[in-house]
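Could you have a look at this one with me? I've jotted down some notes to read alongside the picture.

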Amino acid sequence: MADSRQILRLDDHWRFHRGDVPAPLANKHLAAYMANKAGWARGAARGNFDDSDWRVVTIPHDWSLDGPFDLANHVNSGFLPRGIGWYRRTFALDEADRGKTLSLRFDGIASHATVYLNGHLLARSFNGYLPIDVDFTDVATYGDELNVIAVRVDATPMEGWWYEGAGIYRHVWLTKRPRLGIVDRTFNITVKRVALTEATWQVVGAVSIATGGNAASLSVRWTLIDCAGQTVSAQESFLFDVHHRLQSTAKGLTVIAPKRWDLDSPTLYRLRCELLRDGSLIDECSQQIGFRTVRFDADEGFFLNDRRVLLKGTCNHQDHAGLGVALPDSIHRFRIQRLKDMGCNAYRVGHHPPAPELLDACDELGMLVMDENRTFGSSPEHLSQLSAMVRRDFNHPSVVLWSICNEESIQGTPVAKNIADTMAREVKRLDDSRPVTAAISGGILNDNAMSETIDVMSINYSFATLDPFHAKWPNKPVLSSETGCTLSTRGVYKTDASKFQFASYDDDHERWGSSAREAWRQIRSRPWMAGMFVWTGFDYRGEPSPHEWPSVTSHWGLLDLCGFEKDAFWRHKAYFTDAPMLYLAPHWNSTQGEVVRVQTLTNCDAVELFLNGQSLGRKAVDPIEMAEWQVPFDPGELRGVGYRSGVEVAAAVRESTG
């Protein structure tokens, strides 16, 4: 039956214990004998362990956020604790589920995890940013006997140098499907879209069926459905056996003149796959897709749907005020929309695979993504993590770049090139439709280094190397994968180290970074640059540089930890957008007669400033530096009027409180 596949979210009714739960010492023969037998996990991993006094929590959950702040904790975790914790949950399966294939998926556990079900150790994970798939069919119980999940989370190791949180911080899913059915993956269908001509596209979908054997009575029906729910194209294909696993491919599913996925019109289609036996439906799944072309050019930058687009992006970590890394789906969408409001069109994931819901938001809202791998290496474990990211995120039209690493200390060496060669081959084996890049901060001009391997050169800061690199490798596209590191505090206009605050005038920045003005000048002056990613879109916990205790968050965001705009937001909106806009900084509260530095952040070509109705003059606006006034404070109304070609097109007002 069509409804035989069930995907249930298991986010509620988890019990949580902070700290480890050591198993009792097996100091008797029988205990020692049974300690390593199947289904006889000990301590909190055992099915009948008493967890009645544990706290009840809802997933996503980040226990690090509970504190306390302590100087003894790591500066880059925001001085918040990590450590070890346990989660347990029970659930029932109906007798009708007997004979089905049963699996759990944990979308993300920070950082290392061991998963037990009914006392059986079923999975271990050493990456906090990728899904853990657990098939528990063989050990499931049915009817009145409850199934027990137990997860030991070790967040002691840090995979990054920022706030990573601790716990089961992404969704948990339970899937029930027919034993003969479509193989469970994060995305069951792999979908390639090929533009045959300007108007004609071909969709190639591929699935695997869970068991091999006689495929004579089995077939797969493929149906492409547009955003209005109408069938665009359909095809039925038969299965073939590959290494005792049945596979099906939709060949030549033709689409005429599909609506393109684009930044302002992110049109999405849905490809449905139905497994049939003698014409009757056994199992089904579907995948959201978009039609678009991407191309990086060494002379002209980036092209989306054959239209040159300057990447105007931000880099971002995943934590948010009050939530840590345990973000609800709505917050992922909120954050992407906030960046869109600024005129941002690209999102670099720093520096790990993101939550699936973030990519869904990018697909649906129209945001390009540089998808980044966490750990650099060519061992089987490293390649497994890399391929898991590519397989999981392959179908998202928003993803336009695969980044294999960020700022590796060996990045300018032949060893790094060897590793990058292997990693790039693995990516290309899975996806030859997108370029491979790496965010590089040193050894940029070295020979026999990873810059020779990657398709697109991504340079962090290092503006002085842009022209020499382009001259040395004129056929390699270049983008600025990390710029800025400009320091500011929302609503503050005087830098005060004693208060850990930075003025919002775009004057303070890290020694390796630059002002926003200088970064924009460097990018816009080179027509061959594909674009830029500002560090960062949002403030985040950890990395409080240049301060330490008791400062607990970064200061680099264009928006603060809550998503409220800093003045840097409006500066970049002026850089990134064409619709007339004008913002006045600062607020209009001060001491009578004190000279206030007033900035007009605007994309207009001239601004006139008025204080209490009296004109202070009209100034031409430099497209990078904007325009400033030194205004003696007088309470009342400060008003700015923006002009284009002498016509008033924008206005902004600041009023004294009271």
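Here are my points, one topic at a time.

1. Some ground rules. This is a predicted model, so local features need pLDDT of at least 70 and side-chain atom pairs count only at pLDDT 80 or more, while totals for chains, interfaces and linings use all residues. Residues are numbered from 1 along each chain as its sequence is written, and side-chain values use heavy atoms, with hydrogens and water left out.

2. Let's start with helix H2, residues 329-341 (helices are DSSP runs of H or I with at least four residues, strands are runs of E with at least two, and both are numbered from the N terminus). Does its length add up, and what should its 13 residues span? At 1.5 Å a residue the expected span is 18 Å (1.5 Å times one less than the number of residues), and the end C-alpha atoms are 19 Å apart, which agrees. Just after H2, Gly 343 has a positive phi of about 100°.

3. Which residues of H2 are buried? They are Ile 331, His 332, Arg 335, Ile 336, Arg 338 and Leu 339 (buried is under 20% relative accessible area, exposed is over 50%, partly exposed is in between, using a 1.4 Å probe and protein chains only). Looking down the axis of H2, the buried residues fall within an arc of 155°, so they line one face of the helix (the arc is taken from the directions from the helix axis to the C-beta atoms). An α-helix has 3.6 residues a turn, so residues three or four places apart point the same way. The cover over the buried residues of H2 includes strands E25 (311-316) and E26 (346-349), along with helices H3 (356-365) and H8.

4. H8 turns up again at an open sheet of three strands, ordered E33-E34-E37 and paired in the antiparallel sense (two strands pair if DSSP finds at least two bridges between them). E33 (582-585) and E37 (627-632) are the edge strands, each pairing on one side only. The twist averages 25° from one strand to the next (axes are lines fitted to C-alpha atoms, for helices over the stretch in contact, and angles run from 0 to 180 degrees between N-to-C directions). Helix H8 (residues 567-576) packs on this sheet, touching E33 and E34, and its direction makes about 40° with that of E34 (contact means heavy atoms within 4.5 Å). E34 (residues 595-602) and E37 share six bridges, and Val 595 stands opposite Pro 632 in E37.

5. Now the inside. The largest nonpolar core has 85 residues, and Phe 376 and Ile 404 touch the most other members (a nonpolar core is a set of buried Ala, Val, Leu, Ile, Met, Phe, Trp, Tyr and Cys residues joined through side-chain atoms within 4.5 Å). Helix H5 (residues 414-430) gives the most to this core, with seven residues. A second, separate core of 34 residues includes Leu 80, Leu 268, Leu 304 and Leu 479.

6. Finally, some backbone oddities. Cis peptide bonds join Ile 59 to Pro 60, with omega about 5°, and Ser 545 to Pro 546, with omega near 10°. Phe 500 has a positive phi near 60°, and Asp 506 has one near 70°. Are these two buried or exposed? Phe 500 counts as partly exposed at 26% relative accessibility, whereas Asp 506 is buried at 7%.
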